[in-house]
Structures are given as structure tokens and as C-alpha cells.
Amino acid sequence: MTEEVQHKPLDCAFDSVQDVFALNIDQAVEHLSEASLEEYYQGAEFLAKIGQGDKLSIAFLKTMPWVGEYFGDGSIEKITNFTYNKICRTPNKLSVEPFLNSFIIVVDHIEKDQLDEYLALIEYHLVKTTFSIHGIHDTHPSPSLQAMLGNINLLLEQLSFEGIYEWINYGLRYFKHHPERQEEYFTLTTADSKAVFQRQRNGLLFSDIERSINLFQRALWKTNFMYAPYSPDFENLEHFHPYLEDDVIRLPDIYKELDGVNGCKRYMALVSHLVAHYQFTTKIVADNVSPQQRFFTEIFEDARVEYLAMQEYPGLKKLWLSLIPIVDEFDCDDTNQSCLRHRAIMLTRALIDDNHPYKNEIILDYVEKFKALMTAGDTTTSDSLSLGLGYLIKTRNASDALGSIYFENTEVSYRDDNRSIWLFIEEFDEEANIFEHQKKSDEEDESEIEVIPPHYYDEWDYAFDSYKPDWAAVYERLHTHTDASKIDRILEKHSSLVKQLKKVLDLLKPQNKKRIRYQEEGAELDLDIALRSVIDIKNGSQPDTRINVDFEHDSRSVSVLLLLDLSQSLNEVVGNSGQTILELSQEAVSLLAWAVEQLGDNFAIAGFNSDTRQKVMYYHIKGYSESWDDTVKSRLADLKAEFSTRMGAAIRHGAHYLEMQESDKKLMLILTDGEPADIDMHDPKALIQDTHKAVQEVQQRGMYPYCISLDKKADEYISDIFGSHYSVIDRIESLPKELPQLFLSLTK
């Protein structure tokens, strides 16, 4: 570029623009071709003369050198024309400056041939959100364009253009005529905005694979920890690590492919590592251990629990190694930066990988010490502490304290924050019982009992024929309890009905015998096997001692979930009986639970109510693994009726547990006294349609939902929800008798 072109003056009357031009012209000359530089001059001069002040030209001068270099000749002119024709000539003049500034981010997140696509996206949003009061022409600016531009970094980083359009369209669908709510949506601060955004992100959502990961957990480890996904994008948790605490696994809500490893395998690696800590780690006191000492102790402990896990499941080694980075031994220069993390990642790889490339003598020495320790067996977390302290002493360097730290490729993405290793005595004020798990007292206020993070479920919007993503938050809680003898008195009260039911139950119990051969002990001698054993003895061979045959009854393969509506309306008194609907339901469920227990069917009892979509409560009364005992009875005896009936979310959550049961038939019985409703819903059809959709979802997954309604007006809506799978009990007083009989007829 010639000196003459470089110092060509800018035709502009604003001194502020001339000052900014002087500061940026050198880099413009350095980065732009002659054609682009001419576009740069013309664009700055044009924007300074359209009567909108100096800010547009200043933003233009600062950003366009990078834009012209990245997108090439013609791009600056294209942006100038778009700025004037699509924004300046509309009511959106205040959005020009943030639009131009957005290109500092845009050039880092889209391809060189996607400029037209980005401009089309901005134009689409402008056209759809700029509005007129009288409908003649656009008179009011978009209430949300600047909000969207403020989040353009997150949008382009996490979503494809198709995903951004989906996110925009959802906001337009519900908030196009509500400017304030529209602005909130496009600032990515509302729950539904975040939910739609999450669904459109690039990667594998944990919600789409939760069932598979849970089955993987149960198959390998025989554990059933619950999950609480978190979103780093919205919770400012960029450096937050997963962990397992209080039987809940906290993990990212989305995983992208990493180094050729897909999201599903990344979740498997994470869950396996967390459960390995649960199986093999015991807490050690951390108060006198420095951060660097803890850092290297954790590396050895991570390797120790993984080594033990790999003895049982060797395939985990390949999975974990695929996610542990390999760095060059001489990548970090310890003369001017801290190489602490560089040494750590080399050690991490060497402890697991027999074919690691490292020649460092200290690393090789500690790998041998680690392997000798693991081969000897009976290792503990304290051994990891000893190894970590020793390794740090051997490798400590003065540069470890430098502020410049080598970070590149030093993080193992599937490993947790290692809170399971450390015990901080200061947290307990050095109480004598610091090593004991402190349980909350029975007298503690129920409001203080911590509940696990909520599960979010979509809700069907029949008006738009689409789902509202992550709309209803379902909180789980173990139901409160009282005197279990109350349930025993109920069974005594209905003793005559119990006798009748017992006769029916005896007929329904499996009667056919199943023959089981090859038993050491049994009811009869298996002549074929016995004769073969005699021949083996005479031939000098070892005989088969399993010469008996035994018998067992064919069992029913049925799993049942009884889902109870615990809304406020159950407090109504029934006729002249003096009993509330809740009390009669309590009696009916007690008889039903007794009957199911007699049959030996796998069953659970849960209750639900709601106080808006943000608080749907799901109460565990009896779990599938629990017996019908005083513990369960005490919960059933303390049922309370309050709030509303958001049934669709409760059905979806109940199906989450019922689906996990290994049975041929899975029955969900919903006992309710009214139609689905909630205080934040004004359209009476909305929750009816959502519940109908939930029922369809459950049926498609191989479960059988059936409703028992106590509402005399149920005929007006219940078939719209359950089709023909329902019964209406008009005389609520007869519920204790009819409910068990209805169940027996459904499970014959």
C-alpha cells in the first residue's frame, strides 16, 4: 500500500470520528486490500453524513478492518448498505451501533461464506419484531434486537443458524405482542428462553440419554444414583466440575464430541469415574494439607480408583484413556511459567497408560511405586496422599508460584472436583462425631428439609401444536410420616372386605409349577441326570452332583405405580359420612397396597400436587424396593391434600420410574377427584390436552395408564384424556371396596 493511499484524509466533519480514524487507519491499511480499503473510507464517510451523529462511524471504523480481512472484498460495502437500508431507515436506529460492534464477535464464530446468512438472520429478527400501533407501517423499534445482539457470542458459539431461528421463532410465537416479555426472552434470562436455547445447542443433551446412562450405571455398579444436570452457559459455571454427593450426581446438561469421543461415551466415562470414587474412596482430613499437596493427591487417588474399577471392567481403560490428553514432555518452559499442571497431566497419563511416551525419571519412578502398591492390594486413600506428597517434594520448582500457568491441554474433562476425598474438620468445629453422617431429626421443620434439584419436563401447548420445553419443574420428596397403626386400624375396619379379597387373591396367585433341573438339593431325583452320574462314576470320571429337580411357582410379571392426586379438593367431606375424600382414598389405597403385597407384585405409591409450573411436588410414599411395612404405612397415614393438580408433569415423572422396572406388564393407576388444573393456567383445556399428551407418551413407551376418577362430572373431559382407559366411581363411599377389585380385574 502506498504512502499516499495510507494518508488519504477522511471526508468527515466530526473531530471525534477523525481521531478514531487516525488511530485505526494503520491497521486498516495493514489488513485490507485496496478494494476493501476504499469500501472502508466510503462507508465511514457515508455513515457520518446521514444525520445520525458520530457513533455509527466510530463503531464502523473500529470493527471493519477485521471484517474486511476475514470476509474479503465487497463485505464492508455489503454491511454498509445493510446498515443504512435495513436499520437506519427504520425505527431501529439505536441498534446500529451494537449491530456494528457485534462483528468483533461474529468473525470468530462463523465461516467466511456465512456473512449473508448472518445478515439475513438479523433482518429476519428485525422484520418480525419491529411493529406498528396502527398497522399502517413500522413505527416502533424492535424491543428485542439489542437484547439478542448482547448475547450474540453465546448464540453463535452454541447454536447453528437453524437453532437460532428456532429459538427466535419460539420467542415470537409467545411474546410477539408483549414487548417487555419479548425483551426478557431475548436477553436469555427467562426459564423458557434458556430451555429452548438448550434444546437447540450443538451436542448431546443429557435428558436425551438419561435412561441409557442410568441402565449403564445399574448394570456395571448396581447403583441407582439420581442425576441433577447443570448448565455452565447460564449458571456461570465454566470451571465447575461434576461431583457425586448425597446420592445425586451433578453433571453437565450437554456434551459435545471431544477428540473423537461422542457425548454418550463421555457421560459413561464421567459416571464410571464418580461411582468408582463412591466404591473405593474414603475421606481423609484435609485441614493440614496444602492446595498443591491436595492437587497431586487427587491425581493418585483418581488413578487408584480407576485402576480398581478396571480390574473388574477392563473396557473402561480404553474409554478413560481416550479422554486423557497426551502432551509433549517439553511443551512447558519452567523458566518463565508454572509447569505444575503440565507435570500433573503427564503423571495422570502415565499412571493409566502402559505405553505413555514420557522419559522423565521421577514420573517413571512414581509410576512404578504406584503399580507396586496396586499389585500388593488393600490400598487406601491414605496411600494416594503419601504418593502425592512424595511426588510434589521430588518435583517442586520455584517457578510453581509464578502467576503465568501452563494450562493448554491439561484438563481431564470426565473427572470430578474430588470433594469425596477430603474432610474439613473446621466445618464441624471439631465435634467428636465428625466422622458420623448427621441425620436430620424427626422434629425438624419440614420446610428445612432439603429436596434434590428438580426434574424438568416439557408441557404440550395444543394451541401451537408443539411442546414448551422444560416447562414444569418436578421436585421429589419423601413423604412425611406419622403413626403407622392408623393403617392397621383401617385394615381392621374393613376386615370383612379383606376376607373377600383374600379369596380372590388366592385364585389369582400363580398356581402352575415350573420345573428347575440341575439342583444340588431338590424335591425329586432327576433320573436322567442321576443315571448319567452313575455311568460317569463307573468310567472313572467326575460325576455331576446336581442330580435333583425342584419346582417353583410361575410368578406374575407385573409392576404397578399408584399415583395419587393430593390436591386441595380432596379435603371435601363426602355426603353424610363425615369422611373426606382424602380419608376414603387413604382407606382404599391401604386395602389396595395390602392386596398387591399379597400377590407379590412389584409396586410403588406416589402422590402429587402443584403450585404453578415452577413447583410440582412428587411425594414418594412407597418405593419399588420397599416392603409393605410400618415405614411405608406411617407415610401413607400422614397424607395431606393441598394446592392444585398439574397431572401431566406427575405422569411423566412417574413413568420415569415405572419404565425402569423389569416386568412384562407395567400399570400406572392414577387416582384423582377432578380435572387437571393449576393456578397459573387460565385456559381450562390447556392442562387437559397436556395430560392427554402425557398419557400418549406413556403408552408409546410400553406402559398402561389407567385413571380412577372420583369426579361425578368426569364424563365431560376424562375420555379426552384417557380414551377408554378409565373408570368413574360415582359413590365415593364405595372406593375402599371398588379400588382393589378394579386393580385385580386389570391385572388378571
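Is Cys 339 buried or exposed? In this predicted model, Cys 339 turns out to be buried, with a relative accessible area of 6%. Its bonding partner is Cys 332: the two form a disulfide, and their sulfur atoms sit 2.0 Å apart. Cys 332 is buried as well, at a relative accessible area of 13%. As for handedness, the torsion about the S-S bond of Cys 332 and Cys 339 comes out at about -90°, so this disulfide is left-handed. The count stops there, at one disulfide.

What about Cys 88? The closest cysteine sulfur to that of Cys 88 belongs to Cys 12, and at 15 Å it is too far for a bond, given that a disulfide calls for sulfur atoms within 2.5 Å. Cys 88 still counts as buried, with 3% relative accessibility. Cys 707 is another buried cysteine, its relative accessible area being just 1%.

Turning to the nonpolar cores, in soluble globular proteins nonpolar side chains tend to be buried together. Here the largest nonpolar core has 64 residues, and the members that touch the most others are Tyr 40, Phe 99, Phe 103, Tyr 118 and Trp 167. Tyr 118 gives a good look at the packing. Leaving aside residues up to four places away in sequence, Tyr 118 touches Phe 99, Ser 102, Phe 103, Val 106 and Ile 110, along with Leu 149, Ile 152, Leu 156 and Phe 161. Apart from this core lies another one, made up of 54 residues, including Leu 321, Leu 323, Ile 324 and Val 412.

Notes. Residues numbered from 1 in each chain as written. Predicted model: local features only at pLDDT ≥ 70, side-chain atom pairs only at ≥ 80, totals over all residues. Heavy atoms only, no water. Core = buried A, V, L, I, M, F, W, Y, C linked by side-chain atoms within 4.5 Å. Buried < 20%, exposed > 50% of the residue type's maximum accessible area, 1.4 Å probe, protein only. Contact = heavy atoms within 4.5 Å.
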